[in-house]
Every structure is written in C-alpha cells, then in structure tokens.
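Welcome! Have a look at the sequence and the model below, and then we can walk through some of its features together.

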Amino acid sequence: MSVQRLNRISEEIKKEISHIIMNELKDPRVSAMCSVTSVETTPDLKYAKVFVSIFGSQEERENTLKGLKNAGGFIRKKLGDAMKIRYVPEIHFALDESIEHGARIAQILNDINKREEGK
C-alpha cells in the first residue's frame with residue numbers, strides 16, 4: 001500500500017472518529033473538550049492509534065480516555081458503517097499532550113519576556 005493512500009485512509013478515519021465522538025457517543029465520562037489530533041494506521045490496516053487531546057484536569061483526561069477505550073467497539077462498528085474499507089482497524093486511543101506542552105512553552109516564553117521588560 002502506498003504511503004499516500006495510507007495517509008488518506010488515516011485522515012478519513014480521523015474525520016469519522018471525530019464525528020462519532022462528538023455526535024454519537026453518549027458516555028458521560030467523555031469530555032466535550034476532546035478532539036482527535038491524529039491517527040497512525042499500520043500498513044496492513046489492522047490497527048489504528050488514535051491520538052486525542054483532552055482539555056481539562058488530569059482526572060478529566062483519565063476519565064475521558066477510559067470512556068473512549070470502553071467505547072472502542074462501538075466506535076469501530078460505527079467506523080465500519082461509515083467507511084467502505086475491507087477491514088476496519090482495531091482502535092487504540094492515546095493521549096496527545098502536544099497542545100498542553102505547547103501551551104506550557106508559550107507560558108514560559110511569556111514569563112521570560114515579562115522579566116526581560118522589567119529589567
């Protein structure tokens with residue numbers, strides 16, 4: 001399978017899972033501030049690692065991740081209904097902390113700038 005086709009499939013999976021989480025998932029543990037940031041699919045399409053960014057406290061992040069993992073079968077079934085691919089990948093959710101990391105770096109840079117202006 002070409003890398004370009006794999007990227008297109010991963011992007012389509014990302015779009016569909018985002019839609020399912022926002023519109024069809026009813027688990028109260030899943031935060032409304034949850035978004036799918038990227039999807040890595042294996043070349044054989046058997047597994048998809050779905051990276052999610054969750055805004056909130058550490059407890060909210062953990063609960064949302066548990067809710068998503070618990071709803072994995074439901075999400076996979078809905079994904080299979082929405083996409084016309086021969087094999088629907090097994091979904092594994094992972095926390096994407098890049099947004100929080102970027103926010104921390106921005107805050108540190110702002111603090112440094114304020115200190116420099118004060119001198």
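In which strand is Thr 41 found? Thr 41 is found in strand β1, and that makes a good starting point for this tour. Please keep in mind that you are looking at a predicted model. From Thr 41 we move on to helix α3, then to the salt bridges, and finally to a patch on the surface.

**Thr 41 and its surroundings**

- With a relative accessible area of 10%, Thr 41 is buried, because buried means under 20%.
- The residues that Thr 41 touches are Leu 6, Ser 10, Ile 13, Tyr 47 and Ala 48, leaving aside residues up to four places away in sequence.
- One of these, Ser 10, also meets Thr 41 through a polar contact between the two side chains, at 2.8 Å.
- Along the sequence, Ser 10 and Thr 41 are 31 residues apart, while in space their C-alpha atoms are 5.9 Å apart.

**The two sides of helix α3**

- Which residues of α3 are buried? They are Gly 72, Ile 75 and Leu 79.
- Looking down the axis of α3, you will find its buried residues within an arc of 65 degrees, so they line one face of the helix.
- The cover over these buried residues includes α1, α2 (58–70) and β3 (90–95).
- Turn to the other side of α3 and you meet Gly 73 and Lys 77, which are exposed.

**Salt bridges**

- How many salt bridges are there? The count comes to five, and three of the pairs are described here, beginning with one in helix α3.
- Lys 77, which we have just met on the exposed side of α3, forms a salt bridge with Asp 81, and the closest N and O atoms of the pair are 3.2 Å apart.
- Both Lys 77 and Asp 81 lie in helix α3, where four residues, or about one turn of the helix, separate them.
- Lys 77 has a relative accessible area of 54% and is exposed, whereas Asp 81, at 45%, counts as partly exposed.
- Helix α1 (residues 3–23) holds a pair as well: Lys 15 and Glu 12, whose side chains meet in a salt bridge with an N to O distance of 3.7 Å.
- Lys 15 and Glu 12 are separated by about one helical turn because they are three residues apart in α1.
- Glu 12 is partly exposed, at a relative accessible area of 30%.
- Another salt bridge joins the side chains of Lys 78 and Glu 24, at 3.3 Å from N to O.
- This pair links distant parts of the chain, 54 residues apart: Lys 78 is in helix α3 (residues 72–82), and Glu 24 is in the loop between α1 and β1 (34–41).
- Lys 78 is partly exposed, with a relative accessible area of 29%, and Glu 24 is partly exposed too, with 26%.

**A nonpolar patch on the surface**

- Which residues make the nonpolar surface patch of about 340 Å²? Ile 105, Ile 108, Leu 109 and Ile 112 make this patch.
- Ile 112 lies in helix α4, which spans residues 98–118.
- The relative accessibility of Ile 112 is 35%, so this residue counts as partly exposed.

Conventions: Residues are numbered from 1 along each chain as its sequence is written. This is a predicted model: local features need pLDDT of at least 70, side-chain atom pairs count only at pLDDT 80 or more; totals for chains, interfaces and linings use all residues. Side-chain values use heavy atoms; hydrogens and water are left out. A salt bridge is a side-chain nitrogen of Lys or Arg within 4 Å of a carboxyl oxygen of Asp or Glu. Buried means under 20% relative accessible area, exposed over 50%, partly exposed in between (1.4 Å probe, protein chains only). Patches are made of residues with over 30% relative accessible area and no salt bridge: like charges are joined within 9 Å, nonpolar side chains (Val, Leu, Ile, Met, Phe, Trp, Tyr) within 5 Å. Accessible areas come from the Shrake-Rupley method with a 1.4 Å probe; for residues, only the protein chains shown count as cover. The arc is that of the directions from the helix axis to the C-beta atoms. Contact means heavy atoms within 4.5 Å. A polar contact is a pair of N or O atoms within 3.5 Å; within protein, one must be able to donate a hydrogen and the other to accept it, and residues adjacent in sequence count only if both atoms are side-chain atoms.
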